[in-house]
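Here are some notes to read alongside the structure, written for someone opening it for the first time. Have a look around first, then come back to the points below.

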Amino acid sequence: MYKKLLVLFGSLLLAAGIPILTYLIYVYFTLPDVKLLETWTPPESSTVYDYRGRYYGDIGVERRYYVKIDEIPEKVIQAFVAAEDRNFFKHHGIDFGAIVRATIANIKAGRIVQGGSTITQQLARNLFLTRERTIRRKIREALLALKIERVFDKRKILELYLNQIYLGNGAYGVEAASRVYFGKSVKELTLEEAALLAGLPKAPSKFNPFVNPELAKKRRDYVLRRMLEEGYITREEFEVAVNKPVVVRTENRYRMSDYVLDMVKEYLIEKYGDLALQGGLKIYTTIDKDLQTLAVRVLKKGLKRVAKMVGVPYLPETEEELEEIYKKQGKKLAEGKVYVAKVLKVEGEVAEVEVGGRKFSIEVKGVPLERRRYVMVKIEGGEPVFFPDLQGAIVSLDVHTGAIRALVGGYSYAYSPFNRAIKAKRQPGSAIKPVIYMAALLKGETQISSIDARPRTFYDPTTGEEWTPKNYDDREYTVVTLRQGLAKSINTATVNLLDKLGFDVVLDVGYRVGLDNLKPYYSLALGTVEVTPLQLTSAYQVFANLGVRCRPFLIRKIVDRTGRVLEENYPKCEEVLPPQETRVLVDMLRAVILEGTGRMARDLPRIVAGKTGTTDEYMDAWFIGFSPYIVTGVWVGFDIKKSLGNGMNGARVALPIWKDFMAVAASKYPNEDFPLPEGTVIVPINPKDFVVADETCEGVEMVFVEGTQPKLTCSDIRNLITPQETW
């Protein structure tokens with residue numbers, strides 16, 4: 001009887017086992033070829049450096065730096081083995097004991113609390129399979145692990161695993177994680193730091209030390225305890241390590257990218273395509289890391305100040321901040337108040353939003369909202385109206401090379417990655433005026449030449465109507481000098497000067513300095529063209545460099561993973577304006593600081609020059625200024641064309657930001673005056689009669705092209721008008 005039962009049972013096993021075995025053999029031989037791992041080159045990060053060779057940031061599909069197993073300390077290897085696969089050096093790809101232990105633990109808990117996958121299985125899953133929770137995937141994972149163990153030794157498997165594993169905060173592999181969390185290479189990790197990293201694969205978000213330091217410490221201490229149990233560390237080492245706090249890097253810990261890194265990334269993809277995506281490059285930029293940090297700080301500070309002045313209630317760092325405000329605000333909507341609305345749907349230039357528990361349709365003309373979940377609205381007439389973001393930009397260039405030293409394209413990259421410094425086209429307002437005054441100097445005028453500043457009427461082809469320019473605060477003038485016209489930014493004088501010169505010479509100067517889109521309209525004198533902050537700052541670089549234009553550039557050198565130099569860039573400069581007349585213009589722009597609209601910057605302990613810019617209805621506020629070594633431009637405005645408010649001009653809005661930046665930036669260079677080219681002279685001019693000052697009168701030193709300075713002195717004038725004794 002028993003014999004028959006055994007035969008029957010054996011027959012059943014054989015009947016069931018043959019198909020299962022056949023299936024396993026079939027799956028095994030249809031699995032991917034694991035020998036492909038011999039030449040596996042995962043996508044790595046490319047490292048970006050500033051102009052001094054200091055680390056600036058990373059770019060790439062995945063933040064990863066591949067390191068050989070011999071470069072990874074034993075304590076790091078031991079920490080991962082203890083935490084993830086204690087029998088790694090004993091099994092052949094599958095740990096049946098671990099599977100049994102995990103099954104028992106999961107049954108007791110009534111849920112999944114443990115996994116039985118080995119390090120080799122994790123590698124197989126991450127490189128060849130998906131994360132679907134099916135029996136088929138688990139079978140393929142186990143068989144792949146067996147194949148991998150047949151082809152590669154344990155240390156090679158560990159090398160692949162430790163370079164592939166995701167450890168949170170955008171870091172793939174132990175080297176990237178070491179840099180992200182501790183700001184150093186994996187070779188430099190301490191025991192407790194190695195244990196912290198080894199605790200992350202189970203749940204990188206849950207044990208994120210930036211967000212959950214207490215949970216991260218508990219997990220770290222668990223790994224240390226496992227290392228003690230496995231004999232990797234002594235009791236004394238364990239006690240010392242578990243009593244240490246979790247200390248992680250705080251500098252730029254959330255910065256996955258910024259405006260500069262985006263520019264580098266776009267450049268690489270456009271020029272190198274797939275090679276850029278593979279990573280492993282070293283990119284040396286022209287950025288000064290210190291000035292870039294300064295620019296971010298002063299722009300935030302300045303925009304917060306402006307926000308208070310113009311009634312903007314908050315400037316969000318992230319969209320999550322808007323979400324928190326949205327959740328906390330009440331349902332009652334007060335007239336004139338600003339609220340956060342949830343974006344439900346966007347169709348063309350109309351968005352459906354929810355605010356105060358109700359749905360509304362609002363116009364969002366000119367604002368891309370496809371990826372925005374929340375926006376600000378202002379209640380007007382009981383209905384929400386889109387309220388744009390208050391934004392700004394800073395660009396700073398080396399005067400003598402055109403190298404970009406700092407560039408910030410908005411208040412917060414995390415909130416809005418749109419780079420206004422290079423992509424936002426805005427009207428420059430009065431900041432365009434130096435182009436016109438430069439043209440006048442080329443035509444033989446001097447800075448004390450007179451110009452009629454009385455208002456006149458002109459035909460405006462853009463509107464098809466007559467147009468009469470007005471001055472700030474409706475001030476009226478009669479006759480002024482060119483120096484006064486520029487320093488005080490007198491609109492009527494500038495438009496009349498443009499009319500006297502004609503458009504050709506003005507457009508030619510614009511073309512020479514890189515503003516090739518100027519139009520032959522009289523409103524050009526008030527800056528009705530559109531430029532980006534980088535374009536306008538680059539134009540002023542020509543003035544600061546006394547007529548030598550250096551095209552702005554960001555990339556100095558790119559080196560691939562083998563050490564081969566892919567490209568090396570140098571300044572591209574050419575003389576586009578004569579240095580003599582340009583030096584006169586610089587003196588006039590210096591007068592803007594000393595006598596005109598830029599007087600707020602007079603107390604800077606450096607010799608600087610510059611120009612304010614304000615557009616109609618105060619929609620844009622600018623200040624572009626320079627020392628002999630560095631030129632910086634600042635723009636402030638709403639993301640759509642909306643008034644900042646009455647009186648919110650360039651001097652009040654943009655100049656304080658520029659001043660805060662230049663107070664530090666200019667101090668990094670010698671405190672020298674602008675050079676005086678051959679063929680120019682400095683002459684003291686009496687500001688009342690515009691003749692040469694002598695011992696009988698006061699004078700202001702002004703620059704002239706040699707031969708164009710006045711010949712008469714104060715004494716000569718006095719002699720001419722004093723009656724003769726015989727009279």
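The points below go through disulfides, charged contacts and a few buried spots.

1. Before anything else, keep in mind that this is a predicted model. Everything below is computed from that model, so to speak as it stands.

2. How many disulfides are there? The count comes to two. If you number the bonded cysteines of the protein chain in sequence order, the pairing reads 1-2, 3-4. As a reminder, a disulfide is a covalent bond between the sulfur atoms of two cysteines.

3. Take the pair Cys550 and Cys573, where the sulfur atoms sit 2.1 Å apart. Cys550 belongs to strand 17 (residues 548-550) and Cys573 to strand 20 (residues 573-575), so this disulfide ties together parts that are 23 residues apart in sequence. The torsion about the S-S bond of Cys550 and Cys573 is about 115 degrees, so the disulfide is right-handed.

4. Are the two ends of that link buried or partly exposed? Cys550 has 0% relative accessibility, so it counts as buried. Cys573 comes out at 36% relative accessibility and therefore counts as partly exposed.

5. The other pair to look at is Cys697 and Cys714, with sulfur atoms 2.0 Å apart. This pair links distant parts of the chain, 17 residues apart: Cys697 is in the loop between strand 24 (680-685) and strand 25 (700-705), and Cys714 is in helix 24 (residues 714-721). There are 85 degrees about the S-S bond of Cys697 and Cys714, and the link is right-handed. Cys714 counts as buried because its relative accessibility is 6%.

6. On to charges: the structure holds 41 salt bridges. Here is one within a helix. The side chains of Arg235 and Glu239 meet in a salt bridge, at 3.5 Å from N to O. Both residues lie in helix 10 (residues 235-242), four residues apart, which is about one turn of the helix. An α-helix has 3.6 residues a turn, so residues three or four places apart point the same way. Glu239 has a relative accessible area of 35%, so it is partly exposed.

7. Where do you find the partners Arg456 and Asp499? They form a salt bridge in which the closest N and O atoms are 2.7 Å apart. Arg456 lies in the loop between strand 13 (450-452) and strand 14 (458-460), while Asp499 is in helix 18 (residues 491-501), so to find them you look at distant parts of the chain, 43 residues apart. Arg456, with a relative accessible area of 35%, is partly exposed. Asp499 counts as partly exposed too, at 27% relative accessibility.

8. Arg483 and Glu595 also bring their side chains together in a salt bridge, 2.7 Å from N to O. This pair links distant parts of the chain: Arg483 is in helix 17 (residues 482-487) and Glu595 in helix 21, 112 residues apart. With a relative accessible area of 4%, Arg483 is buried, whereas Glu595 is partly exposed at 31%.

9. Which residues are linked in a network of salt bridges? Asp50, Arg54, Asp288, Asp290 and Lys668 are. Asp288 is worth a second look together with Ile404: the two are 116 residues apart in sequence and 8.3 Å apart in space, C-alpha to C-alpha. Ile404 is found in strand 12 (residues 404-408), and at 3% relative accessibility Ile404 counts as buried.

10. Now for the surface. Arg475, Lys488, Arg599 and Arg602 gather there in a patch of positive charge. One of them, Arg599, lies in the loop between helix 21 (579-595) and strand 21 (609-614). Arg599 counts as partly exposed, at 43% relative accessibility.

11. Why is helix 2 (residues 74-84) described as largely enclosed by the rest of the structure? Because eight of its eleven residues are buried. The buried residues of helix 2 are Val76, Ile77, Ala79, Phe80, Val81, Ala82, Ala83 and Glu84.

Conventions
Residues numbered from 1 in each chain as written. Predicted model: local features only at pLDDT ≥ 70, side-chain atom pairs only at ≥ 80, totals over all residues. Heavy atoms only, no water. Disulfide = S-S within 2.5 Å. Helix = DSSP H or I, 4+ residues; strand = E, 2+ residues; numbered from the N terminus. Buried < 20%, exposed > 50% of the residue type's maximum accessible area, 1.4 Å probe, protein only. Patch = residues over 30% accessible without salt bridge, like charges linked within 9 Å, V, L, I, M, F, W, Y side chains within 5 Å. Areas by Shrake-Rupley, 256 points an atom, 1.4 Å probe, with all protein chains shown as cover. Salt bridge = Lys/Arg side-chain N within 4 Å of Asp/Glu carboxyl O. Lys, Arg positive; Asp, Glu negative; His and termini not counted. Charge placed at Lys NZ, Arg CZ, Asp CG, Glu CD.
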